[in-house]
Amino acid sequence: MPNVTVLPQTNQLIGLYSIIRDQNTKRGDFVFYSDRIIRLLVEEGLNQLPVEKSVISCHGGHEYVGAKFLGKICGVSIVRAGESMEMGLRDCCRSVRIGKILIQRDEETALPKLFYEKLPEDISERYVFLLDPMLATGGSAMMAVEVLLKRGVKSNRIFFLNLLAAPEGIKAFQEKYPDVNIITGGIDEKLDEDKYIVPGLGDFGDRYYGI
């Protein structure tokens, strides 16, 4: 699928998902192993950022032809579950700017509704890592992308990071925003009749925060 990157399904990654999918896993272990996967997602996002050649002076008068990133980045978490991914981004990028978007379901219409946004003033000049652990229907994420586009962010500079995605969510997301990059840890089978990912891992926010 164009603009969809799935982390390599190594034995290590499958082992990590086996732990966090298990309904009997205690919260401490769920947080620890989820954080490890989040770190892998952030690293893959950084792999996809553009670079330019940079010649480095090394010890002993030697030179090294390396690379440096082009442009600035920021993270934008979809509150509340997306906030669980902020530390993984900070672990990889010192002093990274973080914005927040709060989207909740309208009880009357059952559609996502924007309640709050706080974003860096210069976000239109940045590459954006959009953070939300689960891509189910894609409704909240698509609304968040709309907020970013209205603030001047280019769609091909948005990287949507999530631990699990449903095929239905990816399809809907790509049909509306084909240039946005999706980076996911895995694509599950489907959504059930209640729009939960199958087999999934339960409510990520509740399990991560213990509520």
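**Exercise 1. The partners of a salt bridge at the sheet edge**

Is glutamate 117 buried, partly exposed or exposed? Work out its class, then describe its charged partner.

*Solution.* This is a predicted model.
- Step 1. Take the cut-offs: buried means under 20% relative accessible area, and exposed means over 50%.
- Step 2. Glutamate 117 has 34% relative accessibility, so it counts as partly exposed.
- Step 3. Look for the partner. The side chain of glutamate 117 meets that of arginine 151 in a salt bridge, 3.5 Å from N to O.
- Step 4. Place both residues. Glutamate 117 sits in strand S6, while arginine 151 is in the loop between H4 and S9; 34 residues separate them.
- Step 5. Classify the partner. Arginine 151 has a relative accessible area of 31%, so it is partly exposed.

**Exercise 2. The open sheet**

Give the strand order of the seven-stranded sheet and find its edges.

*Solution.*
- Step 1. The order is S1-S11-S9-S7-S4-S5-S6, in an open sheet with mixed pairing.
- Step 2. S1 (4-6) and S6 (112-118) are the edge strands. Each has a single partner strand, so one side of each lacks a neighbour in the sheet.
- Step 3. From one strand to the next, the twist averages 20°.
- Step 4. Check the S6 edge. S5 (residues 97-105) and S6 run antiparallel and are joined by six bridges. Leucine 102 stands opposite tyrosine 116 in S6.
- Step 5. Add the helices. H2 (residues 27-47) packs on the sheet and touches S1, S4, S7, S9 and S11. Its direction makes about 145° with that of S11.
- Step 6. H4 (residues 139-150) lies across S4, S5, S6, S7 and S9, and runs at about 45° to S6.

**Exercise 3. A hairpin with a cross-strand pair**

Describe how S2 and S3 pair, and find the salt bridge between them.

*Solution.*
- Step 1. S2 (residues 51-57) and S3 (residues 63-69) pair in the antiparallel sense, over seven bridges.
- Step 2. Five residues lie between the strands of this hairpin, and glycine 60 takes a positive phi near 80°.
- Step 3. Glutamate 52 stands opposite lysine 68 in S3.
- Step 4. These two form a salt bridge, with the closest N and O atoms 3.6 Å apart. One is in S2 and the other in S3, so the pair ties together parts that are 16 residues apart in sequence.
- Step 5. Compare accessibility with the cut-offs. Glutamate 52 is partly exposed at 33%. Lysine 68, at 45%, is partly exposed.

**Exercise 4. A long-range salt bridge**

Which residue forms a salt bridge with aspartate 188? Place both residues and classify them.

*Solution.*
- Step 1. The partner is arginine 21, and the closest N and O atoms are 2.7 Å apart.
- Step 2. Aspartate 188 is in the loop between S11 and S12, and arginine 21 is in helix H1 (residues 11-21). The two are 167 residues apart.
- Step 3. Aspartate 188 is buried, because its relative accessibility is 8%. Arginine 21 is partly exposed at 27%.
- Step 4. Look at the surface by the same loop. Isoleucine 187 lies between S11 (181-184) and S12 (190-191). With 33% relative accessibility, isoleucine 187 counts as partly exposed.
- Step 5. Met1, Val6 and Ile187 make a nonpolar surface patch of about 260 Å².
- Step 6. Set the pair in context. The model has eleven salt bridges. Some share partners: Glu83, Glu86, Arg90 and Lys100 are joined into one network.

**Exercise 5. Backbone exceptions**

Find cis peptide bonds and positive phi values outside glycine.

*Solution.*
- Step 1. Start from the usual case: most residues other than glycine have a negative phi, and most peptide bonds are trans.
- Step 2. The bond from valine 79 to arginine 80 is cis, with omega near 5°. Arginine 80 is in the loop between S4 and helix H3 (86-92).
- Step 3. Valine 198 and proline 199 are also joined by a cis peptide bond, with omega about 0°. Proline 199 lies in the loop between S13 (197-198) and helix H6 (204-209).
- Step 4. Serine 95 has a positive phi of about 60°. This serine is in the loop between H3 and S5, and counts as exposed at 76%.
- Step 5. Lysine 195 has a phi near 70°. Its loop runs between S12 and S13, and lysine 195 is partly exposed at 48%.

Note on methods
Residues numbered from 1 in each chain as written. Heavy atoms only, no water. Patch = residues over 30% accessible without salt bridge, like charges linked within 9 Å, V, L, I, M, F, W, Y side chains within 5 Å. Areas by Shrake-Rupley, 256 points an atom, 1.4 Å probe, with all protein chains shown as cover. Salt bridge = Lys/Arg side-chain N within 4 Å of Asp/Glu carboxyl O. Helix = DSSP H or I, 4+ residues; strand = E, 2+ residues; numbered from the N terminus. Buried < 20%, exposed > 50% of the residue type's maximum accessible area, 1.4 Å probe, protein only. Pairing = 2+ DSSP bridges. Axes fitted to C-alpha atoms, helices over the stretch in contact; angles between N-to-C directions. Contact = heavy atoms within 4.5 Å.
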